[in-house]
Protein chains: 2
Amino acid sequence: MDVDIGNALATVASPGISRDALERLDEDVARAHERIEAGRADAEHGYEALNLPSRTDPDEIYRAVDRPEIADADALVTIGIGGSALGAATIADALSGAGAEVGVGAGSEVGADTADDGTQTVFLDNVDPEWITGHLETLPLENTAINVVSRSGTTAETLANFLVVREAFEDAGVDWTERTIVTTGEAGPLRELSDRHGLPALQVPDGVPGRFSALSPVGLVAAAVCGHDLEALLAGASAEAETLTGSLFECPAYAYGATTHALAARGASVNAMMPYAESLETYAEWFAQLWAESLGKDDLGQTPVRALGATDQHSQLQLYRAGPRNTLVSFVTPRERDDRAIPATDVDDLAYLGDASLGELLQAEFEATEASLAAAGRPNVRIELERVDAFELGGLLYGMEAACVLAGELAGVNAFNQPAVEWAKKATRGLLGGTDADGNRLEEADAVAEKTTLRVDR
Amino acid sequence: MDVDIGNALATVASPGISRDALERLDEDVARAHERIEAGRADAEHGYEALNLPSRTDPDEIYRAVDRPEIADADALVTIGIGGSALGAATIADALSGAGAEVGVGAGSEVGADTADDGTQTVFLDNVDPEWITGHLETLPLENTAINVVSRSGTTAETLANFLVVREAFEDAGVDWTERTIVTTGEAGPLRELSDRHGLPALQVPDGVPGRFSALSPVGLVAAAVCGHDLEALLAGASAEAETLTGSLFECPAYAYGATTHALAARGASVNAMMPYAESLETYAEWFAQLWAESLGKDDLGQTPVRALGATDQHSQLQLYRAGPRNTLVSFVTPRERDDRAIPATDVDDLAYLGDASLGELLQAEFEATEASLAAAGRPNVRIELERVDAFELGGLLYGMEAACVLAGELAGVNAFNQPAVEWAKKATRGLLGGTDADGNRLEEADAVAEKTTLRVDR
C-alpha cells in the first residue's frame, strides 16, 4: 500500500501535525521499530503476528481442504466470531469478484457465485436464532462444507452454533464429519473432536491474537476452499513486511500508524475508515476490531468507524466536515478497477454523467470528498492500492497490523490483549448456569440483577 | 419502544447525568416540545416529518405498485442513495423474516426469499462499477422491478445507476418502462421521465428531509412490493407519536433524545447503536445517517457508530469498556423472538450451553454486556421492542426521528439541513466537466488539484 499523509499536516488541518513534530515523532518510531523487531526475532506474543507471511505454509492449508466434500462444496459455512471470522470474511469479500459479496456483520448469504470457484460463503458470527434458522433452511446442506474456528474450542457463540449446525446436518441425513474442517489450538474440545472423528485440523498459531490472525489458517482456510490465491496474499504481506524500517517517512505502515497516533494525541478520537470499493466493506469491519481491541484500553484509544465511499458521503460526510474536530478520515482507494460506461442521456442537467464511466464518477467522488474535508481543515489520510487483488489485499492487511502495533508502542499500551471483554464472558456463562473452572458461582452474573433502572415506557 | 436510561445516571456512569440535572433538563424538553408541536402544526420544513404517520396514504402506494410486472416481480432493485435508500433497506432488512437479509451498505443480494412474498431485494446505493456489474449479471432482469428514488431527480449516483440499469434491461430485451416505479419531487428529470413513459410515480413529501422520509413512499414502496404491512408500520409510528408530551419522563423518544444530548454535553462524543438482532443491522445504518447529518454541524454533533450484538462484543466492547470515556452505547433489544434450542453436548466445559437456547444465549450476552459497561461506569441506554415486526419497527423509526429532532432543539442546531455535503457534490460535478446552472466552471473542482501531498510509497 502507499500512504499520503499530506492532508494530516497542520498546514492543512486541525487537528494536524507539523512537519517538525513529525520529525521528532520519527525518533520515537525508530525506537518503537527496534522494540518491534526484537519482539519478532524472539517470537514474542503478539509481535509474532508480523512473522506470519513467512511462517504460514499455504500447502498445509491446501492439503487440509483437499477432500472432495470440502474442496468441491457448493457452499462453505464458517463458524467463528470476532478475529475468528473477520479476517476470513474480509478476504472472501474482497476477492469474491464482480461485487457479489458476503458481509460478516450482515451475515448475508450470497446466491450468486461468490468465490473464484463459485463457492457460496456464509459466516455464522452471531447467535440470533431467527437468522441462524434462516441460513440453515436455505443452505444446500448436502453439499455444504463447515469451517469451525476457535482457538480455545470453548467460545460460547461458536460452539453453540456448531452444535446447532451439526444437528441440522444430522436431521438432513448429511454426515457432517466428512465435510468439517477445524482450526483451533493445541488442546480443547474442538481439538478432541477433530481427533475423535479424524477431521482435518489446522492450528491457530501460537503468539498471534485472533485479530492479527488473518494471514494464518484462521483467515486462509475459507480462502483456500474458495479457490483464492494464498501465495499471492502472503507475497503481498511479505512485500509490505519488507518496508518495515525505522522511519515513518520510508514505511507506509508506520506513516499511517504514526499519523493516527499523533492525531489522536491532538484530539482525533475517531478514525473513520472509508474504502472506496464495495469489496472492501468487510475490510473496514476487520480494521474496526483491530483498532478497537488493540488500542482501546487504559482510558486510551481511537474509536474506529466503518464507512464506505461513495455511499456514506450521503450519511456521514456532513458530520465529518462540520461536526466536532475529533475525526480523522482514512480513505482506501484502488488505482485500477474494472469499469463500466454511463450511457448518454438527453437530459441537459445530467449530460456530464454520460461523458463519464461509473469508475470515473466514483474516483471523482473520492477526490471531491477528500478535498472537501481538506478545504474545511479536517484531517484525512489516503491509502492507495494498485487494485483490489490478493497481493494488494495481503499488503493492506499486513500494513494495517503493523500500523496498529506501532500505534500501540507509541501510546504505551499492550496492543495484544483484550482484558475488558472477560467480565461479560463470565457474566454470560453465569447467567446460563455455568460455573468457573472450580465449579464456583460466577459473581459477575449476580451483578446483572442489580441493574439501576429508570424506565420510560410507551 | 420502551427506554431505560438508568445506566446513564451519574450514580452509575461517567459521563452520566444526575437526577437533578434531568429534572432541570426536562424544563428545556417542555419548551422544545412546544417548538416541535408548533412546527408540526404549521407543517414547517423538517417538523413535517413527524406528521408522516397520519399524512402517508398506504392505499396510494399499494395502487402505484399494483401492476403485475412490479407486484409479482421475483426481484426488486431500488436505486437511491442516503435517505433515498436507507429507510427502505431498513424496513426490508427488519421484516424480511428468517434472517435472510439485505444490507444496504453491503449491497448484498440475497439468494433466499427475503420478503413476505419472496421478493429478492437489492439496493444499488453506490456507483462501484464492479459491484454494479456483479448485480446486473446475476439478477433475473426479465422478472425484476425497478424502484428509483431521488427527490431532485438529479442525484449523480442514482441517475448514473439508473442509466446503467436501463441499458442493461434494454440489452437483455426487457422493457424497463413496464416495470419501473419512480418516487421523486414535483419536477425534475425523473418526474419528466415518468410523465413521458406513463410510469407509476409517487411524490417525496414536501418538508421532509430524506433521512426523515422512511415512513413516506420513499421508504414504503419497496416494502409494499415485498408484501409488508404498511398499515402496521404506520400504526406503530402513530402510537409512538401519541407519546410525544412535554416531559422526558413520560415519552420514550424524548427520554432517549434528552439523555443523548445531556451525555454529549458531558463528553459522550460517540454514540454506538448496538441492536441485538441481525434483522436490525441496517437500522443501525439508518440511525447513523439520521444522527450524523441532523446533528453534525456548527462544530457540534455526536458520532454514531454502527454495532451489532452479540458479534461486536468480540470487536468493539474492549474499547467501549476500557477506552476513552467518550462513548454512550445504545442497545436495542426485542423481548420476544423465534428461538432455537442448543443441542446437548458431552463436553463438560460446554454443558451449560446445552441447557439453553440460542435466544437465551443472545439475551444473556446482552444483559452481560450491558452490566459489564455499567460495572465499568460506562453509560448505556436500553431500548426495548416487543419483537421485531412492522408495528414495533414503525414505532422505533418514528421514536428515533423524534429523539433526533428533540436533540437538535436542545443543542440549538437545525436538524433538517446538511449544508456541508454541497461542496463535494459541486466538486464531483466539476471534475466530470459539469457546470453550475449558469454554465460556469465550478471552482470547487479546481481546489481538488491543489492537494497537499506527503507520500510514503511502498
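The domain assignment splits chain A into domain 1, residues 2-40 plus 234-411, and domain 2, residues 51-228. This is a predicted model. Two contacts are covered below: the one between these domains, and the one between chain A and chain B.

**Domain 1 against domain 2 in chain A**

- The C-alpha centres of domain 1 and domain 2 of chain A lie 29 Å apart.
- Domain 1 of chain A brings 27 residues to the contact, and domain 2 of chain A brings 25 residues.
- About 2100 Å² is buried between the two domains of chain A, and carbon and sulfur atoms give 62% of that area.
- Leu234(A), Thr282(A) and Gln289(A) supply 28% of what domain 1 of chain A buries against domain 2, more than any other three residues.

**Polar links between the domains**

- One salt bridge is counted between domain 1 and domain 2 of chain A.
- Glu293(A) and Arg211(A) meet through their side chains in a salt bridge, at 3.2 Å from N to O.
- Seven residue pairs are in polar contact across this domain interface, with both residues at pLDDT 80 or more.

**Which elements domain 1 uses**

- On the side of domain 1 of chain A that touches domain 2, the elements giving two or more residues are α10 (230-242), α12 (281-295) and α16 (390-411).
- Helix α12(A) gives the most to that side, with nine residues.
- That side of domain 1 holds 13 nonpolar, six polar and eight charged residues.

**How the chains are related**

- Chain A superposes on chain B by a rotation of 180° with 0.0 Å of shift along the axis, at an RMSD of 0.0 Å.
- The two copies are thus related as by a two-fold rotation axis.
- The copies meet through the same surface, because 100% of the interface residues of chain A are also interface residues in chain B.

**Chain A against chain B**

- Chain A and chain B each put 160 residues into their contact.
- The area buried between the chains is about 13000 Å², with 59% from carbon and sulfur atoms.
- Gln318(A), Leu454(A) and Arg458(A) supply 7% of the area that chain A buries against chain B, more than any other three residues.
- Between chain A and chain B, 16 salt bridges are counted.
- Asp299(B) and Arg378(A) meet through their side chains in a salt bridge, at 3.1 Å from N to O.
- Across the chain interface, 51 residue pairs are in polar contact, both residues at pLDDT 80 or more.
- Helix α15 (residues 358-375) of chain A gives the largest share of the side that touches chain B, 14 residues.
- By class, that side of chain A has 72 nonpolar, 45 polar and 43 charged residues.

Conventions: Residues are numbered from 1 along each chain as its sequence is written. Chains are lettered from A and ligands numbered from 1 in the order in which they are written. This is a predicted model: local features need pLDDT of at least 70, side-chain atom pairs count only at pLDDT 80 or more; totals for chains, interfaces and linings use all residues. Side-chain values use heavy atoms; hydrogens and water are left out. Domain bounds come from an automatic or database domain assignment. Contact means heavy atoms within 4.5 Å. Buried area is the accessible area (1.4 Å probe) that two parts lose on being put together, summed over both. A salt bridge is a side-chain nitrogen of Lys or Arg within 4 Å of a carboxyl oxygen of Asp or Glu. A polar contact is a pair of N or O atoms within 3.5 Å; within protein, one must be able to donate a hydrogen and the other to accept it, and residues adjacent in sequence count only if both atoms are side-chain atoms. Helices (H or I, at least four residues) and strands (E, at least two) are DSSP runs, numbered from the N terminus. Ala, Val, Leu, Ile, Met, Phe, Trp, Tyr, Cys and Pro count as nonpolar, Asp, Glu, Lys and Arg as charged, and the others, Gly among them, as polar. Copies are superposed by least squares on the C-alpha atoms of residues with pLDDT of at least 70 in both.
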